[in-house]
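Please open the structure in a viewer and keep the selection panel at hand. The stops below are arranged as a sequence of selections, each followed by a description of what is found there.

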Amino acid sequence: MLRRTILPLLLLCLLLAACGGESLAELPVEQIVAESAAAMDGMDGFRFAIDRTGAPAFLDLDETISFRRAEGYYAAPDRAQATVRVITPGLVTEVNVISIHETQWQTNVMSSEWEQLPPNWGFNPAVLFDAEIGIQSILAADLVDLQLLEPEKLDGGPDQLLYVVAGRLDGGRIHEMSYGLIGPEELEATLWI
């Protein structure tokens with residue numbers, strides 16, 4: 001069953017070499033996605049933003065804190081910094097997260113003080129770019145029914161046209177990557193590349 005959740009993956013810095021200026025090279029949509037996935041493997045780092053829309057994706061067992069957005073920077077092979085927007089009853093707030101190797105720190109939702117997280121706890125943004133379950137492997141293997149939409153410029157993004165690709169996304173790998181926040185149902189996805 002196709003879940004009505006839209007998962008825009010704003011891959012702002014994964015611009016193909018042909019993406020300069022006010023026009024974009026006419027490329028097959030499959031090539032655009034494949035070159036983006038390959039470019040991610042070869043990059044030292046980049047900026048990313050991920051928005052989650054639709055039904056809440058809860059971060060806690062009591063279903064009181066839900067994930068809405070993450071924006072930050074990734075440095076290969078396993079360092080990331082992100083600002084994560086979370087929603088609790090009566091409050092929309094942001095939590096800052098830093099991950100270096102297996103060690104993570106985050107700001108406390110209530111006090112905004114930095115605290116080190118216990119091992120294997122919390123959301124490590126570096127997993128978004130893991131070679132086996134990260135975005136590049138999802139781009140390479142899990143997108144189907146790709147459509148190339150009209151190019152766009154993004155508010156707050158680079159001042160250039162980006163390819164806009166829509167398709168369906170198998171939710172299994174993204175479910176594992178997101179620690180169960182997204183998927184495992186099939187999703188609709190929109191990418192700006």
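**Stop 1: a charged pair**

Select E94 to begin: this residue is partly exposed, with a relative accessible area of 43%. The model on display is predicted, and every value quoted on this tour is computed from it. Add R85 to the selection, and the two side chains are seen to meet in a salt bridge, at 3.1 Å from N to O. R85 counts as partly exposed as well, at 31% relative accessibility. Elsewhere, salt bridges that share partners join R47, D51, R69 and E71 into one network.

**Stop 2: the network around R69**

Select R69 next, together with D51 and E71. R69 forms a salt bridge with D51, and the closest N and O atoms of this pair are 2.6 Å apart. Because R69 lies in strand β4 and D51 in strand β2, the pair ties together parts that are 18 residues apart in sequence. R69 also forms a salt bridge with E71, where the closest N and O atoms are 2.7 Å apart.

Is R69 buried or exposed? With a relative accessibility of 18%, R69 counts as buried, the cut-off being under 20%. E71, at 24%, counts as partly exposed. For the structure as a whole, the count comes to eight salt bridges. In general terms, side chains of opposite charge can pair when their charged atoms come close.

**Stop 3: S66 in strand β4**

Remain on strand β4 and select S66, which has its place there. At 5% relative accessibility, S66 counts as buried. Which residues does S66 touch, leaving aside those up to four places away in sequence? The contacts are P56, A57, F58, L59, R85, V86 and I87. R85, one of these contacts, is the partner of E94 from the opening stop.

**Stop 4: the aromatic pair**

Now select F46 and Y74. A search of the whole structure finds one aromatic pair. The ring centres of F46 and Y74 are 5.5 Å apart and the ring planes stand at 45 degrees, so the pair is tilted. F46 belongs to strand β2 (residues 45-51) and Y74 to strand β4 (residues 66-75), so the pair ties together parts that are 28 residues apart in sequence. F46 is buried, with a relative accessible area of 7%; Y74 likewise counts as buried, at 8%.

**Stop 5: F129 and the nonpolar core**

Select F129 and display its surroundings. Residues up to four places away in sequence aside, F129 touches M40, F46, F48, Y74, G134, I135 and Q136. Both members of the aromatic pair, F46 and Y74, are therefore among the contacts of F129.

Widen the selection to the core. The largest nonpolar core has 41 residues, and those with the most contacts inside it are F129, I135, L139 and M177. Helix α1 (residues 29-42) gives the most to this core, with five residues. As a general tendency, nonpolar side chains in soluble globular proteins are buried together.

**Stop 6: a loop residue**

Finish at E185. Where does E185 lie? It is found in the loop between α3 (171-177) and β11 (186-192). E185 counts as partly exposed, at 36% relative accessibility. For a closing distance, select the C-alpha atoms of E185 and I174: these residues are 11 apart along the chain, and the two atoms are separated by 9.7 Å.

How values were computed:
Residues are numbered from 1 along each chain as its sequence is written. This is a predicted model: local features need pLDDT of at least 70, side-chain atom pairs count only at pLDDT 80 or more; totals for chains, interfaces and linings use all residues. Side-chain values use heavy atoms; hydrogens and water are left out. A nonpolar core is a set of buried Ala, Val, Leu, Ile, Met, Phe, Trp, Tyr and Cys residues joined through side-chain atoms within 4.5 Å. Buried means under 20% relative accessible area, exposed over 50%, partly exposed in between (1.4 Å probe, protein chains only). Helices (H or I, at least four residues) and strands (E, at least two) are DSSP runs, numbered from the N terminus. Contact means heavy atoms within 4.5 Å. Rings of Phe, Tyr and Trp (its six-membered ring) pair if their centres lie within 6.5 Å; planes under 30 degrees apart count as stacked, over 60 as edge-to-face and the rest as tilted. A salt bridge is a side-chain nitrogen of Lys or Arg within 4 Å of a carboxyl oxygen of Asp or Glu.
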